[in-house]
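Me: I keep hearing about salt bridges and buried residues. Can we go through some together?

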Amino acid sequence: MLVPAVQLYSVRAEMTVRPTTTLTSLAAMGYRAVEPTFGLLGDDPRAFRELLEANGLTACSLHGPLLDEHAPAVLEAAAAIGTDTVIIPAIPPDGFSDRAAVEESARLINAAAARAAGAGLRLGYHNHHWELAARIGDRHALEVLAELLDPDVLLEVDLYWAVVGGADVPGLLSRLGDRVTHLHVKDGPGTVDDAMTAVGSGTLPIPDILAAAPGDVWRIVELDRCDGDMLEALAASRAYLDGLGG
C-alpha cells in the first residue's frame, strides 16, 4: 500500500504565493508524494523538482492538457519533474453523451497514450461526475470508455465525483480492477457545488471504497474546496488515512 499523496490543486492558492512553505507543511504532515497540475509548475519544471526534493517529496503523477497543443510541453514537464505518469484531467460532458461520443473520446485518449509512450510515459484518465451520470445502456459511460481504451491506459478514479455521478463506488472499483492505479480521495456532502471536508468527516463510505481498490493504488488526497483552513483539512485527512492503515 502506497503512502498517501496530495493533489496540489487543493493548495493552488497557497502554492501561488508561498510554494516552499506550503510543500514543507505537506511534508511535515507525512505526505511523501504530490500530484501537481501543469499550471503550477511555472516556467522551470526542473526547479520545481528541486523544490520537491528539498522537502523529501516526489511527484507520483502530473495532471495536464494532453489533447491540445500543450501536450508536448506537458510530456516534457513530466519527465523534468521525475514522474512516469501523466493524467488527462477531463474530457467535457459532451464526450460521454452517447456511444459514438465515448468512442471518439477513447480514440483521442489512445492517440495521446501513444504519444506519451513515445516519451517513455504512461497515460491515464481522471473522471468527474458526468462520466458516471451518463449511461450507455445500463452501464456508466466511464466503464464503456475503459473497455475501449488501450490496455496500457490507466484510470485515476475520483471517488467523490463518482459518488456524485450516482455510482456504487466499491462495485465500480471492483469491476474496473487493476486498470485503476490512482484514486482521488476526498470527502464531503456528495454534491456538485457544496464545499468538501477533510477525508473521514463527510458522508462517503471511505473505508468500504478503499477496501475495494487495488492494494497498490495511489491514494491521492484532493479537496477541490473547503470552508475551513485547507492545510488543516489536509492534515486531518492524512491522520484519518493513517488510522485506516495508510
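Reply: Sure, and keep in mind that this is a predicted model. Let's start in helix α5, where Glu104 and Arg107 sit three residues apart, so about one helical turn separates them.

Me: What makes Glu104 and Arg107 a salt bridge?

Reply: Their side chains come to 2.7 Å, N to O. The cut-off is within 4 Å, so the pair counts as a salt bridge.

Me: Why is Arg107 called partly exposed?

Reply: Its relative accessible area is 49%. Exposed needs over 50% and buried needs under 20%, so Arg107 falls in between. Glu104, at 37%, is partly exposed too.

Me: How do you know that Arg99 forms a salt bridge with Glu103?

Reply: The closest N and O atoms of Arg99 and Glu103 are 3.0 Å apart. Set that against the 4 Å limit, and the pair therefore qualifies. Arg99 and Glu103 are four residues apart in helix α5, so about one helical turn lies between them.

Me: And over in helix α11, what makes Arg238 buried?

Reply: Arg238 has a relative accessible area of 8%. Buried means under 20%, so Arg238 gets that label. Its salt bridge partner Asp242, with the N to O distance at 2.2 Å, has 43% and is partly exposed.

Me: How many salt bridges does a search of the whole structure find?

Reply: Nine. There's also a network of salt bridges linking Asp158, Lys186, Glu222 and Asp224.

Key: Residues numbered from 1 in each chain as written. Predicted model: local features only at pLDDT ≥ 70, side-chain atom pairs only at ≥ 80, totals over all residues. Heavy atoms only, no water. Helix = DSSP H or I, 4+ residues; strand = E, 2+ residues; numbered from the N terminus. Buried < 20%, exposed > 50% of the residue type's maximum accessible area, 1.4 Å probe, protein only.
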